[in-house]
Structure formats: structure tokens, C-alpha cells
Amino acid sequence: MTYQETLQYLFVKTPMFQQIGAKAYKPGLQVTETLDAHLGHPHRNYATIHVAGTNGKGSTAHLIAATLQSAGLRVGLYTSPHLVDFRERIRVNGDPVSEKYVVDFVERERGFFEPLRPSFFEITTAMALRYFADAEVDVAVIEVGLGGRLDCTNIISPVLSVITNISLEHTALLGSTLAEIAAEKGGIIKPATPVVIGERTPETAAVFSRLAEEKGAPLFWADEDDEIIDFDNTSLPADGCIYAEQETYATRSYGTISCPLTGRCQRLNARTVLCALSRLPFEGITKEAVAQGFRDVERLTGLRGRWQTVAHRPLTICDVGHNPGGLTLTAARLHDILAAGKRLHLVFGMAEDKDISTVLRLLPHPAPGHHIYYYWAQASVRRALPAERLKAIADEYGLTGGTAYPDVPAAYAAARAAAAPDDVIFVGGSCFVVADFLGAQE
């Protein structure tokens with residue numbers, strides 16, 4: 001098979017959550033454990049760090065990986081979903097797994113795994129864990145796919161577990177309350193293994209405390225052990241916009257560090273990462289390594305889509321936030337842009353299984369002095385909410401005057417044509433919208 005034929009096989013022959021949602025979710029570890037035993041338990045050959053949470057786990061995983069690379073370690077990084085190319089999910093020191101490895105793995109192992117009827121994510125996880133062993137990494141940062149307790153990544157025995165935060169998501173699968181979701185995500189807490197909690201609420205704190213006590217796991221709260229003394233940001237004067245191009249942190253242990261990931265959500269992620277770094281058993285995590293890891297996270301790991309500037313004049317930003325927790329912070333930044341007197345063009349789409357009504361309430365509504373234009377878009381995955389439906393629902397919530405487009409490139413082209421050089425274009429609402437947007441730029 002060619003690489004494209006292999007991807008087609010993986011995408012079509014195995015249930016893929018990215019495409020069909022909850023129908024692809026397979027709770028339980030039996031298939032993964034069978035695959036893991038067949039492949040020789042590869043994750044036992046290197047240290048691992050496990051990262052779970054509702055929002056911020058991707059940024060957190062990338063920042064940890066970038067810092068460890070800067071400390072001189074050979075680092076594997078496993079994240080999901082991919083935006084443009086499947087190989088983004090599996091990286092070593094920022095380099096994606098080769099097309100040849102993907103093809104060879106599937107051709108070599110399909111005779112074994114096909115009778116097991118694994119999901120797309122189960123196969124991909126097995127491939128990643130085996131690849132990291134073959135690539136002889138020192139440590140791998142593993143991002144949970146969904147939940148934690150029954151997620152197939154939960155076969156690893158990490159040196160540290162990290163849970164960024166908890167908000168309502170995938171309630172049909174993980175539970176309808178914050179406490180129930182915390183219990184699922186807290187399932188990555190392992191016996192006698194330190195765990196860092198990035199954010200807490202009264203509903204979740206008790207759950208994490210109980211789980212950690214039951215497992216004898218040292219528990220660290222990032223807000224109690226806050227490394228960040230102060231922060232500042234630097235704007236781009238050429239844009240005349242309050243949008244920050246860089247965040248700068250004054251820290252207790254690592255001096256002053258800067259990072260291209262900006263905004264309140266990234267400040268919380270930075271706090272979580274700094275707390276986690278001080279609990280890792282690796283040498284070389286110096287001030288210089290931390291500074292380089294934060295400063296060069298995008299270059300070192302290939303991170304994309306986190307309030308990412310992709311063009312200027314008009315300033316064009318994309319962000320992968322896609323649930324109420326993440327979009328609350330995104331919406332605040334959009335409101336700030338409007339408050340600065342900017343005309344805002346929003347290319348926006350959603351997956352049909354998200355909390356659409358809550359998200360639409362968060363988005364900027366027409367108001368005196370605000371110039372805002374909506375371009376409703378449909379991403380190229382089966383889970384995408386049709387743009388006409390999204391427009392109709394948006395109209396009901398007072399987001400009137402927008403236009404529906406059949407795909408993301410068409411919506412962006414319309415926004416680009418309508419925007420003046422000093423305007424701002426935002427592309428988001430879904431990982432899939434950002435993926436289509438970035439893919440069309442290449």
C-alpha cells in the first residue's frame with residue numbers, strides 16, 4: 001500500500017471518532033492490552049508522562065515535550081487529533097513519524113489486529129508506543145484521547161500524571177456532572193505516582209483528593225504552587241490591536257520566560273507545566289531549557305492552531321477551541337477585539353455533537369458600535385454540523401445577518417474578500433474547521 005492507501009484503510013476500515021463521534025468510542029482496555037502484549041509492551045522501554053483534561057492538554061503536552069527536548073532528552077509526543085496530516089499525532093523531537101513507518105506497521109500488523117476489530121485510536125496508540133521504542137526515546141509525553149480511566153492510553157505507567165482542568169464535555173460518555181467527569185479523567189492517577197492538577201473547582205477537588213489518597217499518589221495543585229509571579233504581553237503595533245503576539249512570565253524558579261501561546265487559557269497551561277516540570281525525575285531542566293522550551297514550542301514540536309496568527313493585514317487568527325470551557329476564553333478575546341474598535345469577521349463551524357446552544361450564547365452578538373460579521377462553515381468530516389443548520393440556530397440566538405458556506409475555504413475566501421486591511425478575521429469553533437483552513441493554506 002502507498003501512504004495514502006494506508007490512511008484510507010485506517011480512516012475507513014476502523015471506527016474513527018474524528019469522523020463519526022461517539023459510535024467510534026470503545027471504552028475498556030482489553031483490545032489495547034492484547035495489542036500491547038503482541039508488540040512486546042514497548043512503553044516499558046522508556047519513561048512516560050500522561051496528560052489528561054478537558055481543555056489545554058494539547059498545549060500542555062507540547063510545552064512539556066519542548067522543554068524536555070531543550071533539556072537534551074530524546075522526546076516522543078503523542079497527541080490528537082491531527083490537523084492536516086495523520087503523522088502530526090506521532091512525533092520524536094518534533095519530527096513526525098515517517099510515511100514509510102506508518103505503511104510498514106499497518107502492513108505488518110494488520111493480520112493480527114483485524115480480528116480484534118480495534119478502533120482507529122487503538123491502532124494509532126499501539127503504533128505510537130511501538131514507534132517510540134523503535135526510535136529509542138528517553139521519554140514520551142502521551143495525551144489522553146477521551147476521558148482517562150478507560151482510554152486506551154491508560155495502559156502506561158507514567159512517572160507523572162497531569163490533569164489540566166475539568167469542564168462539561170462528552171457528557172453522554174463521561175458523565176453529566178463535573179464530579180463524574182473528574183472521576184473518569186482522574187482514572188489516569190497511578191499508585192505512588194505524582195499527579196499535578198492544573199485547575200480545580202469545589203466539585204472536582206474532592207474527587208481528585210480521594211483518588212490520589214486511594215492510590216497513594218502525591219498530589220500537587222498548580223494554583224497552590226504557582227511558579228508565575230507576574231506576566232505581561234507584547235502586542236503587534238502594526239496591527240493596532242490588543243491581540244498579544246507573545247506572553248512573558250516572571251517565575252520564581254526559572255527567571256523570565258516568554259511564550260508565543262497567549263491569553264488567559266495559556267497562562268493557566270503555563271502554570272500547570274511549570275508545576276509539572278519541577279516534579280519530573282530528569283536532569284537538565286534548567287532555567288535555560290525552560291526558557292527555550294517555552295519560547296520555541298511551536299518550532300520544536302510543530303504545535304499549531306492555538307490562537308495562531310496565520311496572516312497580517314488583515315490580521316487572521318485561528319484557534320482549535322471547540323467546547324464551552326475553551327470557547328469561553330476565546331469569546332472573551334473576541335469581545336476584547338471588538339472593544340478595541342476592530343471590525344471582526346468570524347469564520348465559524350461546529351461538530352454536531354457539541355453544546356451548540358451554549359457556544360452560540362458565548363459568541364459576540366450585534367451591539368451598537370460593534371462591527372461583526374459571521375461566515376458559517378461546514379468542515380469536511382461527517383460529524384460537522386451543516387452550515388445552513390448552524391446559521392438557522394444562530395439566527396434563533398440573535399446572531400443574525402450571517403451567511404452559510406458549503407465548506408471552510410469558501411467561507412474564508414468570503415471573509416478575506418470583505419475584510420479591510422485593519423480588520424480581524426477569526427477562524428474556529430472546531431478542530432476540523434481549523435484543519436480545513438490550515439490545509440487549504442498549504
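In the predicted model, A47 lies in strand β1, which comprises residues 47–52. With a relative accessible area of 19%, A47 is classed as buried, because the limit for burial is set at under 20%. Apart from neighbours within four places in sequence, the residues in contact with A47 are D138, V139, A140, V159 and F282. A47 and P281 are 234 residues apart along the chain, and a distance of 9.8 Å separates their C-alpha atoms.

Strand β1 belongs to an open sheet of eight strands with mixed pairing, arranged in the order β4-β3-β2-β5-β1-β6-β7-β8. The edges of this sheet are formed by β4 (95–96) and β8 (219–221), each of which has a single partner strand, so that one side of each is left without a neighbour in the sheet. Strands of a sheet pair through backbone hydrogen bonds, in either a parallel or an antiparallel manner.

In the order of the sheet, β1 stands between β5 and β6. Strand β5 (residues 139–143) runs parallel to β1 and is joined to it by five bridges, and within this pairing V141 of β5 is the bridge partner of I49. On the β6 side, the pairing with β1 is likewise parallel and consists of four bridges, with I49 standing opposite L160. I49 is thus matched with V141 in β5 and with L160 in β6.

Strand β6 (residues 160–163) is covered on both faces, L160 and V162 being buried on one side and S161 and I163 on the other. Beyond its pairing with β1, β6 is joined by three bridges to strand β7 (residues 195–197), which runs parallel to β6; here V162 stands opposite V196.

A further element considered here is helix α15 (residues 387–396), in which the buried residues are A387, L390, I393 and A394. These four residues span an arc of only 125 degrees around the axis, which places them on the same side of α15. An α-helix has 3.6 residues a turn, so residues three or four places apart point the same way. The exposed residues E388 and E396 are carried on the face of α15 that is turned away from its buried side. The cover over the buried residues of α15 includes β14 (343–348), α14 (356–362), β15 (371–376) and β16 (403–404). After α15 comes G398, which has a positive phi, near 85 degrees.

How values were computed: Residues numbered from 1 in each chain as written. Predicted model: local features only at pLDDT ≥ 70, side-chain atom pairs only at ≥ 80, totals over all residues. Heavy atoms only, no water. Helix = DSSP H or I, 4+ residues; strand = E, 2+ residues; numbered from the N terminus. Buried < 20%, exposed > 50% of the residue type's maximum accessible area, 1.4 Å probe, protein only. Contact = heavy atoms within 4.5 Å. Pairing = 2+ DSSP bridges. Arc of directions from axis to C-beta.
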